[in-house]
Amino acid sequence: MKNFITIEGCDGVGKTFQTRLFKEYCQQNGIDHIVFTREPGGSNIAEQIRGIILDANNSEMDDLCEAFLYASARIQHLHDIVKPALAQGKVVFCDRFVDSSYVYQGLGRNLGLQKIIDLNALAVGEYMPEFTIFLDLSPQKAFERKGGADVTDRLENVDFSFHQQVYDGYKLLIEQDPDRFEVIDASGTIEETQQKLREVLIRRGIL
Ligand code: TYD
């Protein structure tokens, strides 16, 4: 869908931070045609669903139930925020979207990529992003950058393979649909990555 842009990446790559920086840049430069939003959540009902999904007390949640809740939040978020904004001629810049479900639920949680594609086809319909920015940083590097050796060790023991599967999943999606993805190397400084992000948006005619 034209003017619908999403940004994706593994946990800890600085995706949300980069989005905030870009939003501030837009505010400071009078750029007001871009609506910033995020998933899961982004609107009242969708944020309530987010609360259920991310509640640490719900650790016994079935993986398929979780996948349906992400898709449900997505339907509501599209209805409340994305579709109205696009209809008004705005650009929508969304922090995570359906690719997160493909890789986290489909591959990370091992529900199967095709199952999650099918499930989400109903939720997303024709509202696939015009393009998707992927902030490329391996989980290993992300954890090193965040907390050093201790954190790396702890996460390696607990769920490092999960994050690796998610990263490999993104790489698979990019391989299958290279034209939809804008891959940005996120291993440099915050400013370098921000610069690259803006360059992509200029080249794509958004800025
Ligand atoms: P988020 O708050 O965006 O975390 P971050 O700032 O680290 O990107 O997302 C919360 C978690 O939700 C994140 O670990 C990814 C996960 N998620 C899914 O598993 N499936 C989905 O469809 C979406 C949108 C997010």
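1. A quick word on terms before the pocket: a residue counts as near the ligand if one of its heavy atoms lies within 4 Å of it. Keep in mind too that this is a predicted model. On that basis, 13 residues surround the ligand, and the closest are Lys15, Thr16, Arg50, Ser101 and Gln105.

2. Where does the ligand sit? It is in the largest pocket. Three helices, α1 (15-28), α3 (63-87) and α4 (98-108), each give at least two residues to the shell around it. The largest share comes from α4, with four residues.

3. If you're setting up charges, look at the make-up of that shell: six charged residues, four polar and three nonpolar.

4. Now the polar contacts to ligand oxygen. Serine 101 has a polar side-chain atom 2.5 Å from an oxygen atom of the ligand. For lysine 15, an N or O atom of the side chain is 2.8 Å from a ligand oxygen, and for arginine 96 a polar side-chain atom is 2.9 Å from one. As for cover, the ligand has 540 Å² of accessible area on its own, and the protein covers 82% of that.

5. Arginine 96 deserves a second look. Besides its ligand contact at 2.9 Å, it has a positive phi of about 75 degrees, although it is not a glycine. It is found in the loop between β3 (91-95) and α4. Is arginine 96 buried or exposed? Its relative accessible area is 13%, so it is buried, the cut-off being under 20%.

6. Glutamine 105 is one of the closest residues to the ligand, and it lies in helix α4. Its relative accessibility is 3%, so it counts as buried. The glutamine 105 side chain also makes a polar contact with the side chain of glutamate 66, at 3.2 Å.

7. Asparagine 110 is another non-glycine residue with a positive phi, near 65 degrees. It lies in the loop between α4 and α5 (113-124). Why does asparagine 110 count as exposed? Because its relative accessibility is 58%, and exposed means over 50%.

8. One last backbone item to check by eye: the peptide bond joining glutamate 39 and proline 40 is cis, with omega about -10 degrees. Proline 40 is found in the loop between β2 (34-38) and α2 (44-54).

Notes. Residues are numbered from 1 along each chain as its sequence is written. This is a predicted model: local features need pLDDT of at least 70, side-chain atom pairs count only at pLDDT 80 or more; totals for chains, interfaces and linings use all residues. Side-chain values use heavy atoms; hydrogens and water are left out. A polar contact is a pair of N or O atoms within 3.5 Å; within protein, one must be able to donate a hydrogen and the other to accept it, and residues adjacent in sequence count only if both atoms are side-chain atoms. Accessible areas come from the Shrake-Rupley method with a 1.4 Å probe; for residues, only the protein chains shown count as cover. On a 1 Å grid over the protein atoms alone, a cavity is a set of points where a 1.4 Å probe fits but cannot get out, and a pocket is an open set with protein on both sides within 12 Å along at least five of seven lines; lining residues have an atom within 4 Å of a point. A molecule sits in a cavity or pocket if more than half of its atoms lie within 2 Å of its grid points. Ala, Val, Leu, Ile, Met, Phe, Trp, Tyr, Cys and Pro count as nonpolar, Asp, Glu, Lys and Arg as charged, and the others, Gly among them, as polar. Buried means under 20% relative accessible area, exposed over 50%, partly exposed in between (1.4 Å probe, protein chains only).
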